[in-house]
Amino acid sequence: MDDKSVKNGAPDETEKSAGGGNNNKFVWIVLAVMVVMCVAVGVLSSVLTAYFMRRGTTPPVINTEGVHQALEGVVTARKSNIVEVSCNGGGIVGSGVVTKYEKSHYYVLTNAHVAGEGCVKAAVRFDGDDGYYEAELVGYNSFYDVSVLRVAYADARIADIDGSDVFNRGLDYKEGEYVVAIGNAMGMGVSAYEGIISRACELLEYGGKTVPVLRTTAAINAGMSGGAVFDVDGNFVGLGTYRMSNSEANGGDHSTDVENTAFVVPVSVVYPIYKQIVEFGDGGEIGIMQLDFRRAASSAVGWMGFHSLGFDCVYKNGKLTVENTNVSALQSGDVITGVGAYSVSTDICRTAGEFLCYRLGSHTGGQLRLTVTRNGSEITVPFERYYGYAI
């Protein structure tokens, strides 16, 4: 009896284990369902967020490795090509770029406002030298602010850039690219400043004229006019010529000067003018094809007047379109698509440079020919009196 009453009064161990196992399974099932629901909610939230807050594609990774080493290499390799330029016994102090060594003379490219009209006696000091060497003015063009000097020098220790890929009128450069400006900053010796190309081509109104330039953040301080701007491969991008300053208009007050803004005469323009000066210079102003520029309210690029050729154009919807013409083969509305082998683009600096590669008279290069589109048809318009010399 005793044994029976004990057995009926309490469950045995087998019954306890079975009941506890069922409870544990239920708990795990609940936890598993909760985890699945959390995951599902998370995934759904991500999908909805991606849908309603979707943006563009993932930005590409930019590889900056070696940029600063490249800049250092450019300064090391090109600094010796930069010289100090003095005019009229120190009246004007600027910079210059050694382009080549020929017949015991160095040719130095600089600005016309450094060594041009009024420069009776020019002198050049090479990097690392103590004294100045007397320089001869080969010629200059004041509109584009380009001048060339020639200096007698016994030692051909500086590398030529003329005739190499370093000095290439067709150089391809883009906005955002690193550049280095090297020049005689503040008349205190040759030094370098890095920056980027902030605008690849534009029209600058300066001193009563409008000229095609590129804009850079590399400092072009006083004394650096006529110095060089190079890209990270050491290629000549252009002449450092203008810096943004309102000090003259404000009586010498520099408080409104604009930092990190300077303007460069690009290689596409400098190269053909330099070539003309070297070939035809006699110490004075060099006459080149007459081009006029101005900004146009109806155009994002601008207006170009080809007075030497007898017509003018404006960029309409990015296309160089004839507005007025005295040339019988051209009509208003014609679109100029080619200058020689060059396909016209919205780069007004490059387009201007291509026209400047031709000169009135008979020379060694080919005849100037324009490719024109009219009503869907393509025609060629020759200019019999203009021939190339630097193409």
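Begin with the cysteines: the structure holds 1 disulfide, a disulfide being a pair of cysteine sulfur atoms within 2.5 Å. This is a predicted model, in which local features need pLDDT of at least 70 and side-chain atom pairs count only at pLDDT 80 or more, while totals for chains, interfaces and linings use all residues. Residues are numbered from 1 along each chain as its sequence is written, and side-chain values use heavy atoms, with hydrogens and water left out.

**Stop 1: the disulfide**

Select Cys87 and Cys119, which are joined by the disulfide, with an S to S distance of 2.1 Å. The pair links distant parts of the chain: Cys87 is in strand β1 (residues 82-87) and Cys119 is in the loop between β3 (105-110) and β4, 32 residues apart. Helices (H or I, at least four residues) and strands (E, at least two) are DSSP runs, numbered from the N terminus. A disulfide is a covalent bond between the sulfur atoms of two cysteines.

Are these two cysteines buried or exposed? Cys87 is buried, at a relative accessible area of 1%, and Cys119 is buried too, at 12%. Buried means under 20% relative accessible area, exposed over 50%, and partly exposed in between (1.4 Å probe, protein chains only).

Now select Cys201, which is in no disulfide; its nearest cysteine sulfur belongs to Cys349 and is 5.2 Å away. Cys357 is another cysteine to select, and Cys357 is buried, with a relative accessible area of 0%.

**Stop 2: strand β10 and its neighbours**

Select residues 227-231, which make up strand β10. In β10, 5 of the 5 residues are buried, so the strand is largely enclosed by the rest of the structure.

Add β7 to the selection: 4 bridges join β7 to β10, and the two run antiparallel. Two strands pair if DSSP finds at least two bridges between them. To see one of these contacts, pick Ile182, whose bridge partner in β10 is Ala228.

Then add strand β11 (residues 236-243), which is joined to β10 by 4 bridges and runs antiparallel to β10. Which residue of β11 is the bridge partner of Ala228? The partner is Leu239. The hairpin of β10 and β11 has 4 residues between the strands, and Gly234 there takes a positive phi near 85 degrees. In a regular strand the side chains alternate between the two faces of the sheet.

**Stop 3: helix α4**

Select residues 267-280, which form helix α4. The expected span of a helix is 1.5 Å times one less than its number of residues. For the 14 residues of α4 this gives 20 Å, and the end C-alpha atoms are 19 Å apart, which agrees.

How many of the residues of α4 are buried? The helix is mostly covered, with 10 of its 14 residues buried. Among them are Val267, Val270, Tyr271, Pro272 and Ile277.

**Stop 4: salt bridges**

The structure holds 11 salt bridges. A salt bridge is a side-chain nitrogen of Lys or Arg within 4 Å of a carboxyl oxygen of Asp or Glu. Side chains of opposite charge can pair when their charged atoms come close.

- Select Glu102 and Lys100, whose side chains meet in a salt bridge (3.3 Å, N to O). Glu102 is partly exposed at 34% relative accessibility, whereas Lys100 is buried at 12%.
- Select Arg157 and Asp129, whose side chains meet at 3.5 Å, N to O. Arg157 lies in the loop between β6 (146-152) and β7 (178-184) and Asp129 in the loop between β4 (122-125) and β5 (133-141), so the pair ties together parts that are 28 residues apart in sequence.
- Select Glu136 and Arg150, whose side chains meet at 2.8 Å, N to O. Glu136 is in strand β5 and Arg150 in strand β6, 14 residues apart. Glu136 is partly exposed at 41%, and Arg150 is partly exposed at 22%.
- Select Arg169, Arg350 and Glu354, which are linked in a network of salt bridges.

**Stop 5: a patch on the surface**

Select Phe26, Val27, Trp28, Val30, Leu31 and Met34, which form a nonpolar patch on the surface, with about 640 Å² of accessible area together. Accessible areas come from the Shrake-Rupley method with a 1.4 Å probe; for residues, only the protein chains shown count as cover. Patches are made of residues with over 30% relative accessible area and no salt bridge: like charges are joined within 9 Å, and nonpolar side chains (Val, Leu, Ile, Met, Phe, Trp, Tyr) within 5 Å.

End on Leu31, which lies in helix α2 (residues 13-52). Leu31 is partly exposed, with a relative accessible area of 41%.
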